[in-house]
Amino acid sequence: MELGFLIFAMVIVLAALLQVQLGVTGEFDSRVLILLGAVAALMFGMHIVLRFRAPQADPFLLPIAATINGLGITMIYRLDLVNESNKHAVINSSTAQIVYTALAIAIAIAVLFLLRNHRVLQRYTYVFGFAALVLLLLPMIPGLGVSTASARVWISIAGFSFQPGEIAKIALAIFFAGYLVTARDSLSMVSRRFLGLRLPRMRDLGPILVVWAVCMAVLVLQRDLGTSLLYYGLFLVMIFVATGRLSWVLIGVGLFVGGGLVLASSWGYVQRRLEAWLNPFDPALYDATGGSYQLVQGLFGLGNGGLIGTGLGLGHPYLTPVAESDFIISALGEELGMAGLFAILALYLIMVARGLRIGHTGGDDFGRLLATGLSFTLAIQVFIVVGGVTRVIPLTGLTTPFLAAGGSSLIANWIIVAILLRLSDTIRRDDAVPAIGGAA
């Protein structure tokens, strides 16, 4: 089943690449087959590894990730064809994305080899928590961190840039899962009912206050609204799944909204983001440096795409700044239309649903929470990115999983897929073992 879906995914990517060639240049270039061959070799290589290392793994995750990853490379390649500086470059953006994909899949394969059973991760709960904290602090180290105009989330080593926060989200998911397995009984206890809600005891509010303080610190020190929202949303989802208490979610949302409003009134970065969200067509904001120009161009692109899109290679996605990364959803929406964008979102939905199913069928509490947390990490990140591009929520600097250009995000998300594959394989093998004394 996995092989069949993977072949179908490669057919979709091939059709998209050929359509881009025809739309932009008016002719087919045989070199595009080399591009597809590189992507296909990577995906089929991981499929072969799975047959030996995790034969009972979920058959849908790899083909879905391969399809989304391939469509991302296709759009980046399409933008390269009209970018004069990248058209004739030896290493252009699409080639770099394939290299990043190869590295990400190699690391995912290494995870499958090294992680024989997901329960091993629970032994190192606090190690992962400490590692996440270190990763969050790395961009703040002088000489190591790289400060951009919008945020301070990158580090540079020997000329190579990396975003440690992408790996930190995985470490945090493992830490939250391990911590909540041991602490959920105390977190589930209540002191009294208020307005129909079961409120937790004051002494049990410590964990959520600590996570809230860390996320506010990320927002203030690194000026990264998206990452702060991602981490906090991940924790709220996992604590709700662990305890079943809606009061935790309401208290958490109230704390984040309250902290955000305070920062919006006193911190220029947050205030500018809110103003650009509320009044993007204001001429003063549109023309201002760091204003709403990028957001408005993305909205114009989505509007130009309409229901069925202009067709791959026939739109103008290059008019939107950083269309290959932050606004790749806008670029795809213009050329594939609302129908094509919904198809991509449906792929994300199926991937998240499969991850949640893995968590639901898990035989141990840690595996359930970990699968749920990793799945919601993908879901929350997609919501934050798509919501920002479509003006549902304020724009953030997060990247769309598997689609956007960049190695950090690709590596982190392929690691998430590898862990989910390992979880599904372990769970199915455990279910296949008959109980002692049961029927053979």
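What percentage of the 440 residues in the protein chain do buried residues make up? Buried residues account for 52% of them, where buried means under 20% relative accessible area, exposed over 50%, and partly exposed in between, with a 1.4 Å probe and protein chains only. This is a predicted model, in which local features need pLDDT of at least 70 and side-chain atom pairs count only at pLDDT 80 or more, while totals for chains, interfaces and linings use all residues. Residues are numbered from 1 along each chain as its sequence is written, and side-chain values use heavy atoms, with hydrogens and water left out.

**Overall architecture**

- The protein chain has 16 helices and five strands, the helices being DSSP runs of H or I with at least four residues and the strands runs of E with at least two, numbered from the N terminus.
- Among contacts in the protein chain between residues at least 6 apart in sequence, 72% join residues at least 24 apart, a contact being heavy atoms within 4.5 Å.
- The protein chain exposes about 19,300 Å², of which carbon and sulfur atoms supply 69%; accessible areas come from the Shrake-Rupley method with a 1.4 Å probe, and for residues only the protein chains shown count as cover.

**Confidence**

- The average pLDDT of the protein chain is 83, and 84% of the residues score at least 70, pLDDT being the predictor's confidence in each residue, from 0 to 100.
- Among the elements of the protein chain, the highest mean pLDDT (94) belongs to helix α14 (residues 328-360) and the lowest (56) to helix α4 (residues 84-87).
- Over residues 434-440 pLDDT stays under 50, and the model has one contact beyond four places in sequence for this stretch.
- Where pLDDT is low, the predicted coordinates should not be read in detail.

**Salt bridges**

- The structure holds seven salt bridges, each defined as a side-chain nitrogen of Lys or Arg within 4 Å of a carboxyl oxygen of Asp or Glu.
- One of them pairs R354 with D58, with the closest N and O atoms 2.8 Å apart; this pair links distant parts of the chain, since R354 is in helix α14 and D58 is in the loop between α2 (31-53) and α3 (61-82), 296 residues apart.
- Both partners of that bridge are buried, R354 with a relative accessibility of 16% and D58 with a relative accessible area of 0%.
- Another salt bridge brings together the side chains of D364 and R119 (3.7 Å, N to O); because D364 lies in the loop between α14 and α15 and R119 in the loop between α5 (93-114) and α6 (125-137), the pair ties together parts that are 245 residues apart in sequence.
- In this second pair D364 is buried at 14% relative accessible area, whereas R119 is partly exposed at 30%.

**E166 and its surroundings**

- E166 is placed in helix α7 (residues 164-188) and counts as buried at 4% relative accessibility.
- K169 forms a salt bridge with E166, the closest N and O atoms being 2.9 Å apart, and K169 and E166 are separated by about one helical turn because they are three residues apart in helix α7.
- K169 is buried, as is E166.
- Not counting residues up to four places away in sequence, E166 touches Q381, T399, S408, S409 and A412.

**Helix α15 and backbone angles**

- G387 lies in helix α15 (residues 365-389), counts as buried at 5% relative accessibility, and touches V382, V392 and I393 when residues up to four places away in sequence are not counted.
- Most residues other than glycine have a negative phi.
- F402, in the loop between α15 and α16 (407-432), has a positive phi near 70° and counts as buried at 1% relative accessibility.
- V322, in the loop between α13 (293-305) and α14, also has a positive phi, near 50°, but V322 is partly exposed, with a relative accessible area of 37%.

**Nonpolar surface patch**

- L3, I7, F8, V11 and I12 form a nonpolar patch on the surface, with about 430 Å² of accessible area together; patches are made of residues with over 30% relative accessible area and no salt bridge, like charges being joined within 9 Å and nonpolar side chains (Val, Leu, Ile, Met, Phe, Trp, Tyr) within 5 Å.
- Within this patch, F8 is found in helix α1 (residues 2-25) and is exposed, with a relative accessible area of 52%.
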